[in-house]
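Work through the following exercises with the sequence and the model open side by side. Each task is followed by a solution that goes step by step.

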Amino acid sequence: MTTDTDAADHRFSGLPARPGKIIAVHLNYASRADQRGRRPAAPSYFLKPASSVAASGSAVERPAGTELLAFEGEIAVVIGTTATRVPLEKAWAHVAGVTAANDLGVYDLRANDKGSNVRSKGRDGYTPIGPALIDARAIDPADLRLRTWVNGALVQEDSTSGLLFPLPQLVADLSQHLTLEPGDVILAGTPAGSSVLAPGDVVEVEVDAPSAPGAPASGRLRTTVETGTVPFDGALGSLPAVDDAQRADAWGSREAAGLGPEPAARPRLDPALRAKLEAAPVAALSAQLRKRGLDHVTIDGVRSTHPETKLVGIATTLRFVPLREDLFASHGGGYNAQKRAFDSVGEGEVIVIEARGETGSGTLGDILALRARARGAAGIVTDGGVRDLDAVAAIDLPVYSKGGHPAVLGRRHVPWDIDVTIGCGGTTVQPGDVIVGDADGVIILPPALVEEVVEAALAQEAEDAWVADQVAAGHPIDGLFPMNAEWRARYDAWRATS
């Protein structure tokens, strides 16, 4: 008869005992760093619970409602003797052995936990380890091989010579900050080749030392993926959420995820053009657009927290749809569209929000405004309300809205999508449109017309300033504003000599 204790103990059959702690490295193989486009200057870590350990031959669930369960074949370093502030040259002596591990994770659950990975990598069974321990004394830690297979096909192969931070360095570094105890496990990172698993897939990981006497090996650590059937309760916490950036990360590339090539970089304003737009009043720009047949290009009914500050930038968009409770349950929590918009806004961009003119709730508050400023945003425009209006106004960032409201967005809105064509304040706004705002309001400039319109607006401003000087000098308006042929000749002569 098998007891619950026996079943629990079997999870740790690939280790000397249940580990007190499992410490994983975020990014450590050069091949993986090159794939991600960044190389850390020092190792960084996260913790995994001992309850996530599983033995070879176990099954693991891809949770209900998720799509991006990814494998990461890794070397598990098992501590043999207590290590506190050990020097690098003595660090390996504190290691009992190494074996294979799989640092499984669900990308759909990463967003709200950021680098901690609590929910995405801490689930039961998400750290298979084993099946056999290789004696640390019998191997060179700089000459180990790691291989991973999915359904029999080799998908990862690398050696510890490709580590950015060698195994002894991880032991020594961690021992500066915490005591490593016998049985503790360090997961040393995964090489390039990590990708997504589907229910029914079988993933195997093996560590060996082919150059060492007897070529010791861990044996293949085998895990089978099953479909989870119990949904998450959105009332308790974050729900799964994915976007194309998460898919590309999980699969290893946009191409592998079926997303096609990297999208074109967002447009940016030339500094010289930006300077001209900053000098051109919204009223002058509006007049020039009207001359070109564009009269529905103002975002009406909004006022700025900083009317003295000129707003100039490229539009990025966020769309809210009317509240429907079931849709808010699926789209309102976690890393929703609202949070993604404020986390992805670029330098010099303006977040434009479609709130349908609904003023019965806030569409952002001070935290999101601070995030936009930290990202270098030029400003925010919403045709809805703003929470924490005084705090938002205290931030050095122009925010145009229809006024303050204390309620959260869930009272009226569901955050739906970003970077799509929207309606805001009675006009259509597309990502990439040029936004200009001042104390008179906010106007949209189609990118193809910006140069022409701003040049004409500045020319008109110069003309209007000259006319104002003539009026101030006592000349009557009749014939001067607008200018008749005589006054036009005078103006042209002045321009030629000024």
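**Exercise 1: the surroundings of T190**

A polar contact of 2.9 Å joins the side chains of T190 and Q156, where a polar contact is a pair of N or O atoms within 3.5 Å, of which, within protein, one must be able to donate a hydrogen and the other to accept it, residues adjacent in sequence counting only if both atoms are side-chain atoms. This is a predicted model, in which local features need pLDDT of at least 70 and side-chain atom pairs count only at pLDDT 80 or more, while totals for chains, interfaces and linings use all residues. Residues are numbered from 1 along each chain as its sequence is written, and side-chain values use heavy atoms, with hydrogens and water left out.

Task: Establish where T190 is found, whether it is buried or exposed, and which residues it is in contact with.

Solution. Start with the location: T190 is found in the loop between strand 12 (185-187) and strand 13 (196-197), helices (H or I, at least four residues) and strands (E, at least two) being DSSP runs numbered from the N terminus. Next, consider accessibility: with a relative accessible area of 5%, T190 is buried, a term that means under 20% relative accessible area, against over 50% for exposed and in between for partly exposed (1.4 Å probe, protein chains only). Then look at the side chain again, of which a polar atom lies 2.8 Å from the backbone oxygen of G73. Finally, list the contacts (heavy atoms within 4.5 Å): leaving aside neighbours within four places in sequence, T190 touches Y29, R32, E72, G73, E74 and Q156.

**Exercise 2: helix 5 and the sheet**

Task: Describe the order of the open sheet of seven strands, and explain why helix 5 counts as largely enclosed by the rest of the structure.

Solution. First, the seven strands follow the order 2-1-12-6-7-9-3, with mixed pairing; two strands pair if DSSP finds at least two bridges between them. Strand 2 and strand 3 (53-54) stand at the edges with a single partner strand each, so one side of each is left without a neighbour in the sheet. Within the sheet, strand 6 and strand 7 run antiparallel and are joined by seven bridges, and I75 has A100 in strand 7 as its bridge partner.

Second, helix 5 lies across strand 1, strand 2, strand 6, strand 7 and strand 12, running at about 55° to strand 6. Eight of the 11 residues of helix 5 are buried, so it is largely enclosed by the rest of the structure; among the buried ones are L167, L170, V171 and D173. The cover over these buried residues includes strand 2 (45-48) and helix 3 (88-91).

**Exercise 3: two helices that meet**

Task: State how helix 10 and helix 11 are oriented, and which residues meet.

Solution. Begin with the geometry: the axes of helix 10 (residues 337-344) and helix 11 (residues 366-374) come within 8 Å and cross at roughly 30°, axes being lines fitted to C-alpha atoms, for helices over the stretch in contact, with angles running from 0 to 180 degrees between N-to-C directions. That makes helix 10 roughly parallel to helix 11, since angles under 35 degrees count as roughly parallel, over 145 as roughly antiparallel, 65 to 115 as roughly perpendicular and the rest as oblique. Then turn to the residues: Q338, F342 and D343 in helix 10 meet L368, A369, R371 and A372 in helix 11.
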